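This briefing covers charged side chains and their surroundings. Please have the chain open while reading.

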Amino acid sequence: MVLASLALSACGGDDDDDASSQSASGGTQEVEVLLSFPRGNAWLPLLVAEDQGYFEDEGLRLKIQETEGSGFVTQQIIAGNADFGWAGAPSDVIAYGKDPSLRALACNHEKNIFSINVPAGSDIQSVADLDGRKLGITAKGGGEEPMVNSVLAENDLDVEVIPVGEVGPAVIKAIKDGTVDAFAGGITDITTLEASGIDFTDITPEQYDPMPGDCLVSTQKSLEDEGNQDVAAKMIRAWMKGAFFAIASPDAAVDIACRTLPEECQDREGFTAPFAKKIIDIIQPVDSSLPPTALDPAGWEQTAKVLLTSGALENEVDVDTLIASPEGKAVTDKAYADVDAVKAAAEDDAAAYQPEG
């Protein structure tokens, strides 16, 4: 259904296709945006920005389509079926290696969403100690696998990698009974395991920290249109404001998430609040001089290196144009022209927030 909708939206004249030309009554522009996975608490800045009216403040109304993954998003963006989408940085780099017209503009997650963990109290203190041990992953081909393969290759480790399945009773048992000595997974996996009573120590090497998660992408052709540049800048500014709000008041952000998506808040204290805390950490760049959503070159370079080392890329990819093209810089110059004012306004909103009821 998503593919059919996108294909239909791609029909007709160019003027009808541009996201910036889609407008609603009252002067608010309707902008089609693809997400790589369903709206949820991982998209906390988006949820806050929608709830607080930050997109409307910028004159935008997002028409969000939840899609079939990052690879699908990059395919649709490159094909011209949509101007804007959010897709995982590894997929962005791989897609850019095949089609250098792709452009990355901002990130929802500024830090690595995957990690290698050992139970608290383990004699394993670093990845070097994994040599000769057993490391669990969710599945062959899982999102954590490129990072795991890169870590093992970079450190010349002999480790048995065991797919233990999606997080559940079998994975908990494998960790507790020592079937695996360590576990690598995504932020949701780790939070779920911690909620089950397992305390972890993260042993992921720090050079992997700035690898971004889902990021806003478009194309060179789309961004040559100044209208689309303006739309992208406004979207980023609203998203950034939502991030600043969540950072200023995690409790308010959790309240908004629970009110917006009550089905994801069935265990507010045991899972939702700890998960939101992790999200709030990773929406902040490792480089503290950068505001939330801003692109960190170090993270993109590390992502490209991981993909090459792990074999996901056959040839080296230079990410400079992907993240710092002239048309991309035109967007980010507009988006971050008034960061201090955006931050101050978001912090005021967070301080004034009152839970409903």
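The notes below take salt bridges, then buried acids, then a surface patch and a buried helix residue.

The model is predicted. A search of the whole structure finds 15 salt bridges, and three of these pairs are described here one by one. Two aspartates, Asp-83 and Asp-214, are buried without a salt bridge, while Asp-318 belongs to a negatively charged surface patch.

**Salt bridges**

- Arg-61 and Glu-30 meet through their side chains in a salt bridge, at 3.0 Å from N to O. The pair links distant parts of the chain, since Arg-61 is in strand 2 (residues 60-66) and Glu-30 in strand 1 (residues 29-35), 31 residues apart.
- Arg-61 has a relative accessible area of 41% and is therefore partly exposed. Glu-30, at 22%, is also partly exposed; the cut-off for buried is under 20%.
- Glu-145 and Lys-140 form a salt bridge with an N to O distance of 3.4 Å. Glu-145 is buried, with a relative accessible area of 13%, whereas Lys-140 counts as exposed at 70%.
- In the salt bridge between Asp-255 and Arg-268, the closest N and O atoms are 3.6 Å apart. Asp-255 lies in helix 12 (residues 250-260) and Arg-268 in helix 13 (residues 268-282), so the bridge ties together parts that are 13 residues apart in sequence.
- Asp-255 is buried, with a relative accessible area of 13%. Its partner Arg-268 counts as partly exposed at 29%.
- Arg-39, Glu-50 and Glu-66 are joined into one network by salt bridges that share partners.

**Buried acids without a salt bridge**

- Side chains of opposite charge can pair when their charged atoms come close. For a salt bridge, the nitrogen and the carboxyl oxygen must be within 4 Å.
- Asp-83 sits in the loop between helix 5 (70-79) and strand 3 (84-88). Asp-83 is buried and has no salt bridge; Lys-221, the nearest side chain of opposite charge, is 8.7 Å away.
- What does the side chain of Asp-83 contact? A polar contact of 2.8 Å joins the side chain of Asp-83 to that of Ser-222.
- Asp-214 is located in strand 10 (residues 214-219). Asp-214 is likewise buried with no salt bridge, and its nearest side chain of opposite charge, Arg-39, is 13 Å away.
- The side chain of Asp-214 reaches a backbone atom, the nitrogen of Gly-88, at 3.4 Å.

**Negative surface patch**

- Glu-301, Glu-316, Asp-318 and Asp-320 gather on the surface in a patch of negative charge.
- Within this group, Asp-318 is placed in the loop between helix 14 (297-310) and helix 15 (320-324). Asp-318 is exposed because its relative accessible area is 53%, and the cut-off for exposed is over 50%.

**A buried methionine**

- Met-147 is part of helix 7 (residues 145-154). With a relative accessibility of 2%, Met-147 counts as buried.
- Met-147 and Phe-114 are 33 residues apart in sequence, yet their C-alpha atoms are 7.8 Å apart in space.

Conventions
Residues numbered from 1 in each chain as written. Predicted model: local features only at pLDDT ≥ 70, side-chain atom pairs only at ≥ 80, totals over all residues. Heavy atoms only, no water. Patch = residues over 30% accessible without salt bridge, like charges linked within 9 Å, V, L, I, M, F, W, Y side chains within 5 Å. Areas by Shrake-Rupley, 256 points an atom, 1.4 Å probe, with all protein chains shown as cover. Lys, Arg positive; Asp, Glu negative; His and termini not counted. Charge placed at Lys NZ, Arg CZ, Asp CG, Glu CD. Helix = DSSP H or I, 4+ residues; strand = E, 2+ residues; numbered from the N terminus. Buried < 20%, exposed > 50% of the residue type's maximum accessible area, 1.4 Å probe, protein only. Polar contact = N/O pair within 3.5 Å; in protein donor to acceptor, adjacent residues only side chain to side chain.
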